[in-house]
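Visitor: Please take a close look at the aromatic rings in this model. I would like the geometry of the contacts and the burial of the residues involved.

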Amino acid sequence: MRQRHDLLIAGTHVVSMDPAVGDVPQADVLVHDGEIIEVGPHAGERAPDDVQVIEATGTITLPGFVDTHWHLWNSLLRGTVGDRPGTDYFTVKRALASHFELDDFYWAARLGLAEAVNGGITTVHNFDHNVRGPRDADANIQAHLDSGLRGRFSYGPPDSAPSDRTNDLDDLARLRERWSDDHLDGRLDFGVALRGPYRTPPEVYEREWATARSLGLPITMHCDRCLREENCRSCGLVRLERLGLLGEDVQVIHAVHADDHDIEALARTRTRVSLSPLTEMRTMGFPLLTELLEAGVQVSLSLDTLAMPTSADILGHLRAIISVEAARTGSPVITPRRLLRLATIDGAKDLGLHDTIGSITPGKRADLVILRSSDVNLVPSGDPVEALVYTGQIDNIDTVIADGRVLKRHGRLVPADDEIDPVVMAAARRDALLRRAAAAGDWHWPATPTIDPFHPGPGSSTPADEGSLQ
């Protein structure tokens with residue numbers, strides 16, 4: 001377990017995301033045993049004994065970012081998925097998913113979670129849609145706990161599982177027996193990732209929904225018919241409402257082609273929606289952020305996957321969203337502060353954690369991000385929130401704290417004692433994965449064109465390119 005210290009964050013500009021606390025320029029934040037004890041005006045030298053002081057003059061402190069839908073297992077596919085023929089996400093995923101070994105699941109998750117820390121994300125919902133057995137689930141859970149982050153593990157089926165086979169519902173019921181509250185450190189809970197009625201028959205989805213609800217587990221489900229049905233103009237969510245499959249315990253992912261009736265069904269049933277704007281714009285269409293918010297739907301934000309490829313640069317994502325919505329709808333609803341709410345307290349609400357995290361509020365857990373406001377890209381500044389969303393970068397993140405433990409300091413990740421570098425391990429596991437898949441005849445590295453910079457145009461590939469695991 002990583003060591004936790006009592007902390008005093010001194011002299012920072014707090015953007016609390018709590019209306020009762022507000023924004024507090026030149027504030028002190030006192031943390032004891034992982035809990036926020038006090039938020040108030042900077043009082044100079046007043047640190048109690050045995051408290052580690054983080055001198056934070058010239059910084060902005062936010063609640064840690066919350067990601068509500070991330071397929072951590074396929075973090076190893078980054079650099080393999082691309083734009084060349086045969087390297088699209090689904091082709092690569094289906095070729096490699098069955099070749100994952102136990103250590104692949106662990107180090108893929110550790111890689112994604114290390115990038116989360118680097119980007120100020122302190123809570124991650126791991127939507128695992130390649131659980132090939134109980135030990136795979138356990139490897140993901142252990143990786144999450146070892147990372148120091150908070151989150152949820154949602155237990156899904158193996159990749160490309162037959163539509164007539166349910167999730168491993170027996171193991172889902174046993175999960176709590178293997179992972180007691182003491183093991184989970186108050187940082188991880190469980191959910192179930194289901195395929196739903198557009199991918200499975202009634203005898204499957206009815207049993208899965210009933211089991212999840214009998215166990216009190218929240219449900220998450222992709223709503224991405226647009227990927228499978230040409231000219232799709234509806235998500236079919238009205239049908240799900242009629243079947244009793246929507247509700248406050250359900251999170252729908254994407255819903256890019258939801259029509260007005262779909263959105264009304266979401267609002268009526270208080271079903272939550274997690275949007276992944278960058279992957280949606282790459283493969284599906286424009287996320288309907290303005291329409292969902294104006295209808296009163298609970299919305300949160302997510303990265304989706306590192307494989308697409310994307311990065312855990314939340315501020316960059318927010319900047320893209322606000323620009324797209326300005327061009328697409330011109331809605332005054334989408335403001336920098338509203339987007340920061342989506343990435344913090346609204347994400348916490350989606351995961352049912354809003355009483356624990358999501359704002360800098362005394363009594364909540366200390367999940368915090370400290371950014372240098374004096375960096376060149378953030379000065380001169382008027383409104384710090386506008387500055388962060390319009391010009392902030394991942395490089396501005398100085399310190400990341402999760403549950404009172406410092407995971408990043410002075411811009412560098414803070415490893416646990418004797419921790420193996422997850423970046424090095426993930427790269428080695430990815431190369432071994434590709435070799436196994438190639439030996440089985442399921443994978444070959446696509447040729448890389450060689451371009452003459454003085455004569456632009458299609459080039460030729462070399463045998464070395466085809467065999468490379470670069």
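Guide: Two rings of Phe, Tyr or Trp, the six-membered one in the case of Trp, count as a pair if their centres lie within 6.5 Å. The model is predicted. By this rule there are five aromatic pairs. One of them joins tryptophan 73 and phenylalanine 100: the ring centres are 5.1 Å apart and the planes meet at 80°, so the pair is edge-to-face, the class for planes over 60 degrees apart. This contact links distant parts of the chain, the two residues being 27 residues apart. Tryptophan 73 lies in the loop between strand S6 (65-70) and helix H1 (89-96), and phenylalanine 100 lies in the loop between H1 and helix H2 (102-118). Tryptophan 73 has 0% relative accessibility and therefore counts as buried; phenylalanine 100, at 7%, counts as buried too. Both values fall under the 20% cut-off. Another edge-to-face pair is made by phenylalanine 153 and tyrosine 155, with 6.1 Å from centre to centre and 75° between the planes. Phenylalanine 153 has a relative accessible area of 1% and is buried. Tyrosine 155 is buried as well, with a relative accessible area of 1%. Returning to the earlier pair, Trp73 and Phe100 belong to one aromatic cluster together with Phe105. A ring also takes part in a contact of another kind: the charged end of arginine 239 sits over the ring of tyrosine 198, at 5.1 Å from the ring centre.

Conventions: Residues numbered from 1 in each chain as written. Predicted model: local features only at pLDDT ≥ 70, side-chain atom pairs only at ≥ 80, totals over all residues. Heavy atoms only, no water. Phe/Tyr/Trp six-rings, centres within 6.5 Å; stacked < 30°, edge-to-face > 60°. Helix = DSSP H or I, 4+ residues; strand = E, 2+ residues; numbered from the N terminus. Buried < 20%, exposed > 50% of the residue type's maximum accessible area, 1.4 Å probe, protein only. Lys NZ or Arg CZ within 6 Å of the ring centre and 35° of its normal.
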